[in-house]
Amino acid sequence: MFKLTSLNLNGIRSATTKGVEAWIAQTMPDCICVQEVKAQAADMAGKFESLAGMAGYFHFAEKKGYSGVGVYSRHEPSDVVVGFDGGEFDTEGRYVELRFDTPQLKRSIISCYFPSGSSGPERQEAKFRFLAGMAPHLAALKAERDFVLCGDVNIAHQQADLKNWRSNQKNSGFLPEERAWMTELTTQGGLVDVYRRLQPEATDACYTWWSNRGQAYANNVGWRLDYHLATPAFAEKARAESIYKAQKFSDHAPITIEYEGLL
């Protein structure tokens, strides 16, 4: 089985002080896609280029202490693609793609961090621009290769994906336009929400993020924001899923899916 984990670290330095490296060493994923590294290359040097024996590949933001994504892998990629739009969002460090190509097969694992629009209208407009650019990018990618995109998508797709859906219908992350984008991606767009393929009825158990306000974590007032989005051929290989909540490494929980013969 190929074990693939996704985790928004909310800062790699913070997460490592909370035991994430020991947990990775214990659970032994084949790849772990991380988001919100919140570090630059100089910060990673000699400390975080590898974790638990896995080599890391990164896309850092230009702004210090902001965003940044990576993939730690036990398997050496044939190529690494950093960034996807060549402009606004590449400066924010939101996309890294590891390719594992052979003469017969084209396959990728992607770590991606979608913008949050919760800080105000300006960032929400940026989020909409990101979604408008990401959809055709994924469509073009799907036309040429199989892939799984792991990451913090910052969208709860359906009512089952967050506790307080009624009161959040006008809030970023559950806006009608964002939800429609996810619906389009997972219908006409042809990608599969792998967790939902495996757990179509899960509600309270599906959450991967909790606000730091109030007692959200203690009361499990959460959102499902972290996804594996895969082409159908990859999604069909998914056999088991888990969201790890016994320890808290950040405000997100790691989501792991085991695939049969992914690479």
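**Exercise 1.** Find the salt-bridge partner of Arg123 and place both residues in the fold.

*Solution.* Start with the criterion: a salt bridge is a side-chain nitrogen of Lys or Arg within 4 Å of a carboxyl oxygen of Asp or Glu. Arg123 pairs with Glu92; their closest N and O atoms are 3.2 Å apart. Next, place them. Arg123 sits in helix α4 (residues 121–144), and Glu92 in the loop between β6 (79–82) and β7 (95–99). The pair links distant parts of the chain, 31 residues apart. Helices (H or I, at least four residues) and strands (E, at least two) are DSSP runs, numbered from the N terminus.

This is a predicted model: local features need pLDDT of at least 70, side-chain atom pairs count only at pLDDT 80 or more, and totals for chains, interfaces and linings use all residues. Residues are numbered from 1 along each chain as its sequence is written, and side-chain values use heavy atoms, with hydrogens and water left out.

**Exercise 2.** Classify Arg123 and Glu92 by relative accessible area.

*Solution.* Apply the cut-offs: buried is under 20% relative accessible area, exposed over 50%, partly exposed in between (1.4 Å probe, protein chains only). Arg123 has 21%, so Arg123 is partly exposed. Glu92 has 11%, so Glu92 is buried.

**Exercise 3.** Examine the salt bridge of Arg99 with Glu97, then the network around the pair.

*Solution.* The closest N and O atoms are 2.7 Å apart. Arg99 is buried at 17%. Glu97 is buried at 0%. Both belong to a salt-bridge network with Asp101, Glu144 and Arg145.
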